[in-house]
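Please have the sequence and the three-dimensional view open side by side while reading. The paragraphs below are meant to be followed with both in sight.

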Amino acid sequence: MASDPSALAHHIASVSLIDQHAHGCWLTAGDRRRFENALNEANTEPLVGSGFDSQLGFAVRTHCGPVLGLPKHVDPQAYWDRRRQHGEAELARLFLPPANVSDWLIDTGIHDDAAGTAGTAEMAELSGNRAHEIVRLEQVAEQAARAPGDYASAFEEILHRRAATAVGTKSILAYRGGFEGDLSEPTAAQVAEAAGRWRDSGGTRLRDRVLLRFGLHRALRLGKPLQFHVGFGDRDCDLSKANPLLLRDFLEQSADTPIVLLHCYPYEREAGYLAQAFNNVYLDGGLSVNYLGARAPAFIARLLEMAPFGRILYSSDGYGPAELHYLGAALWRNGIHRVLRAFVADGDWSEKDAIRVVDLIARENAALIYRV
């Protein structure tokens with residue numbers, strides 16, 4: 001974008017973002033293996049080979065190297081040598097502010113004090129901007145399973161208490177059996193029976209379909225946006241059951257509650273169709289943009305094919321290395337610039353319209369549904 005003097009390029013480079021789905025960055029130091037493992041999403045075992053040998057690894061060297069005072073395309077060893085000169089909190093202070101994110105919406109479901117990841121307060125302090133919580137429903141269920149008394153009442157109490165200061169909820173149903181099958185609201189008797197079985201088994205890692213369905217419908221009643229992990233993720237997720245088209249019956253039951261489809265790859269076109277078919281469906285490309293690296297512009301173009309522009313949101317899905325929070329913004333700005341510049345150059349869009357769409361995706365759509 002630096003060589004493009006257009007108003008569009010200047011606006012994309014300077015617009016402040018709302019990162020509508022992210023996690024905490026690391027706060028404690030680790031070795032190179034931990035860092036390279038964090039450059040792979042799908043493998044749940046230590047990597048064989050180098051995490052740098054991927055689109056994401058190349059993108060880190062290209063876009064994050066200069067933040068550390070290194071040239072673009074610096075070799076992996078030189079990048080690691082420079083990186084390890086800084087503590088993780090110091091790295092966060094280097095990488096978070098230049099992402100130019102005014103508001104971070106943080107899924108705290110994998111926040112772990114022992115592992116040293118930042119919560120909402122730390123993300124706000126390290127970035128110098130605002131941070132808000134997204135409540136993970138499966139975590140609420142685990143807390144309710146450990147609480148005394150009636151499970152449904154405990155779930156309701158915990159959810160409402162946490163949601164009072166949060167801006168939305170999220171489900172990892174895609175990791176707990178997928179979207180295929182009945183997603184209607186269960187009866188009170190079914191919930192009580194399922195909760196008894198789960199508590200008797202120890203109440204960890206919720207996979208019971210009845211309790212998962214119960215949580216979704218309780219979240220719908222809040223009226224706050226409900227996020228779903230969709231598509232690409234680690235291998236615990238059955239990708240064939242993470243196609244958002246399988247959510248169609250649930251979407252029919254969701255009334256006006258905003259439903260946000262996260263990540264979407266390789267189902268970005270299916271997600272775009274759902275955003276066109278349902279007035280309350282939104283989507284983003286977080287996580288996918290980072291992992292696609294140099295191929296991210298093609299993915300961003302596909303996001304713009306079918307979905308109404310008022311339903312597309314920005315996110316990074318950064319987790320762990322602070323580079324990923326920064327890189328999500330850098331690659332999105334680069335990718336949407338390449339896509340929209342071509343639309344304008346070909347005479348298909350006006351520059352004014354392109355700038356307006358940038359603002360919708362960068363922050364206005366998220367500001368509207370999350371009220372931040």
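What follows goes from the sheet to one of its strands, and then to the helices.

The structure is a predicted model, and a convenient place to enter it is the sheet. Strands of a sheet pair through backbone hydrogen bonds, in either a parallel or an antiparallel manner. Here eight strands form an open sheet in the order β1-β2-β3-β4-β5-β6-β7-β8, and the pairing is parallel. The edges are occupied by β1 (17–22) and β8 (312–313), each of which has a single partner strand, so that one side of each is left without a neighbour in the sheet.

Strand β5 (residues 226–230) can be followed in greater detail, beginning with its pairing to strand β4 (residues 168–171), which is in the parallel sense and runs over three bridges. Within this pairing, K170 has Q227 of β5 as its bridge partner, while S171 stands opposite F228 of β5. Towards β6, which runs parallel to β5, there are five bridges, and here H229 stands opposite L262 of β6.

Is β5 enclosed or open to the surroundings? Five of its five residues are buried, and β5 is therefore largely enclosed by the rest of the structure. The cover extends to both faces of the strand, since L226, F228 and V230 are buried on one side and Q227 and H229 are buried on the other. Helix α10 (residues 209–222) lies across β4, β5 and β6 (259–263), and its direction is at about 140° to that of β5.

Among the helices, α1 (residues 7–14) has L8, A9 and I12 as buried residues. Around the helix axis these three cover an arc of only 95°, which means that they lie on the same side of α1. The buried residues of α1 pack against α15 and α16 (351–370).

Helix α5 can be read in a similar way, its buried residues being E88, L91, A92 and F95. Seen down the axis of α5, these residues fall within an arc of 105°, and they therefore line one face of the helix. They pack against several helices, namely α2 (32–37), α3 (55–64), α4 (76–83), α6 (120–127) and α15.

The packing of α5 with α15 can be described further. In general, two packed helices are described by the angle between their axes and by the distance between those axes. For helix α5 (residues 88–95) and helix α15 (residues 322–345), the axes come within 8 Å and cross at roughly 10°. Because angles under 35 degrees count as roughly parallel, α5 is roughly parallel to α15. On the α5 side the contact is made by L91, A92 and F95, and on the α15 side by A322, E323 and Y326. The residues of this contact divide into five nonpolar, no polar and one charged.

A single residue, L56, completes the tour, and L56 is found in helix α3. Its relative accessibility is 0%, which is why L56 counts as buried. When neighbours within four places in sequence are left aside, L56 is in contact with L39, N290, Y291, L324 and L327. How far apart are L56 and F232 in sequence and in space? The two are 176 residues apart in sequence, whereas their C-alpha atoms are 14 Å apart in space.

How values were computed: Residues are numbered from 1 along each chain as its sequence is written. This is a predicted model: local features need pLDDT of at least 70, side-chain atom pairs count only at pLDDT 80 or more; totals for chains, interfaces and linings use all residues. Side-chain values use heavy atoms; hydrogens and water are left out. Axes are lines fitted to C-alpha atoms, for helices over the stretch in contact, and angles run from 0 to 180 degrees between N-to-C directions. Helices (H or I, at least four residues) and strands (E, at least two) are DSSP runs, numbered from the N terminus. Angles under 35 degrees count as roughly parallel, over 145 as roughly antiparallel, 65 to 115 as roughly perpendicular and the rest as oblique. Contact means heavy atoms within 4.5 Å. Ala, Val, Leu, Ile, Met, Phe, Trp, Tyr, Cys and Pro count as nonpolar, Asp, Glu, Lys and Arg as charged, and the others, Gly among them, as polar. Two strands pair if DSSP finds at least two bridges between them. Buried means under 20% relative accessible area, exposed over 50%, partly exposed in between (1.4 Å probe, protein chains only). The arc is that of the directions from the helix axis to the C-beta atoms.
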